[in-house]
Amino acid sequence: MIALHERYKALLIDLDGTMYHGEIPIDGANLLIQSLREQQWSYRFVTNNSSATPEQVAERLTRMGIAADAADICTSAQATAYYIANNDPEAKAMVIGEHGLRQALTGQALEIVEEQPTVVVQGIDREYTYEKGKRAVQAIRAGAQFIMTNPDLLLPTSDGLIPGAGSIGAMLQAASGKQPVIIGKPSRILIQYALDQLDCDAEDALIIGDNMLTDIRSGQEAGCHTALLYTGITTPDNYSYYREQAECEPTYVYADLHELRKALNKQQ
Ligand SMILES: [Mg+2]
């Protein structure tokens, strides 16, 4: 079989369930990233999380002993801002979301408004209120475009599973009767953003992650090969169930990050 480094030019690596669980790094994450850096692999960490800035994500990884710079991170918030700036740089955005999303939008010189938006941008918002939902639904019904950073219904935290961005989005969809543009995995838009940052074609990139419904499915959507890890959501026991749900299969499966590191080693 052809070695991975001869087949792929870049890696798109998931974070939650692949590099860490909450604040706890996954065994072998630090060694894997150290090895990728030493061997000059091109890669980005690609996350559906829209609440944190790339700087905050990099700090979190560094705190856990996993080497990372802000430039290594692609968040759904950045991809959302990039998508809007490319499609409608004059957009006026109403935001349901947190700091990372607002910073990404202003970073693309987009205007954030409280009234009469042309686009409603929605991510996770842990200070979500009925009032925010009301204004967003009225704006969408009046014709504003509806964009969701990511469709995740649940978010794993040290407090257990909590409602994610997708759960807030589900309310807006139900009330407005409109389907949103979705940016985060499994959508190809976040993947395309990361590929653009790496200047890499889809067929030359490998997506790495623990979730069949988001990471592996996004490969199907974007035209990338994928590597599934049994470090998070998917296990050998539930694999068939998720394969059916995702209607796709990974190109490779690795039990853990040590196996993956060996497969990506260029000196073999
Ligand atoms: Mg994950």
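This passage describes a metal site, a lysine beside it in the annotation record, and a parallel sheet. The structure is a predicted model.

The magnesium ion has three protein donor residues, D14, D16 and D210. D14 and D210 each contribute an OD atom, whereas D16 contributes its O atom. These donors lie 2.1 Å from the ion. Along the chain, the donor residues follow the spacing D-x1-D-x193-D. D16 sits in the loop between β1 (10–13) and β2 (20–21). D210 sits in the loop between β13 (205–209) and α9 (212–222). The pair therefore ties together parts that are 194 residues apart in sequence. Accessibility separates D16 from D210. D16 is partly exposed, at 29% relative accessibility. D210 has a relative accessible area of 3%, so it counts as buried, the cut-off being under 20%.

K185 is linked to this site through D14. The side chains of K185 and D14 make a polar contact at 3.1 Å. In UniProt, an unreviewed entry lists K185 under "binding site". K185 lies in the loop between β12 (181–182) and α8 (188–198). Its relative accessible area is 3%, and K185 is therefore buried. Beyond its neighbours within four places in sequence, K185 is in contact with residues from several stretches of the chain, listed here in sequence order: D14, V46, N48, P151, L190, I191, T214, D215 and S218.

Strand β12, which precedes the K185 loop, also belongs to an open sheet of 5 strands. The strand order is β7-β6-β8-β9-β12, and the pairing is parallel. β7 (111–112) and β12 stand at the edges. Each has a single partner strand, so one side of each is left without a neighbour in the sheet. Within the sheet, β6 (residues 92–96) and β8 (residues 119–122) pair in the parallel sense over 4 bridges. In this pairing, A93 has V119 of β8 as its bridge partner.

Two helices pack on the sheet. Helix α4 (residues 76–87) touches β8, β9 (145–148) and β12. The direction of α4 makes about 155° with that of β9. Helix α5 (residues 99–107) touches β6, β7 and β8. The direction of α5 makes about 165° with that of β6. Strand β8 is thus touched by α4 and also by α5.

Key. Residues numbered from 1 in each chain as written. Predicted model: local features only at pLDDT ≥ 70, side-chain atom pairs only at ≥ 80, totals over all residues. Heavy atoms only, no water. UniProt positions renumbered as here; feature names shortened; annotations may be inferred. Buried < 20%, exposed > 50% of the residue type's maximum accessible area, 1.4 Å probe, protein only. Contact = heavy atoms within 4.5 Å. Polar contact = N/O pair within 3.5 Å; in protein donor to acceptor, adjacent residues only side chain to side chain. Pairing = 2+ DSSP bridges. Axes fitted to C-alpha atoms, helices over the stretch in contact; angles between N-to-C directions. Donors = N, O, S within 2.8 Å, 3.2 Å for Na, K, Ca; no water.
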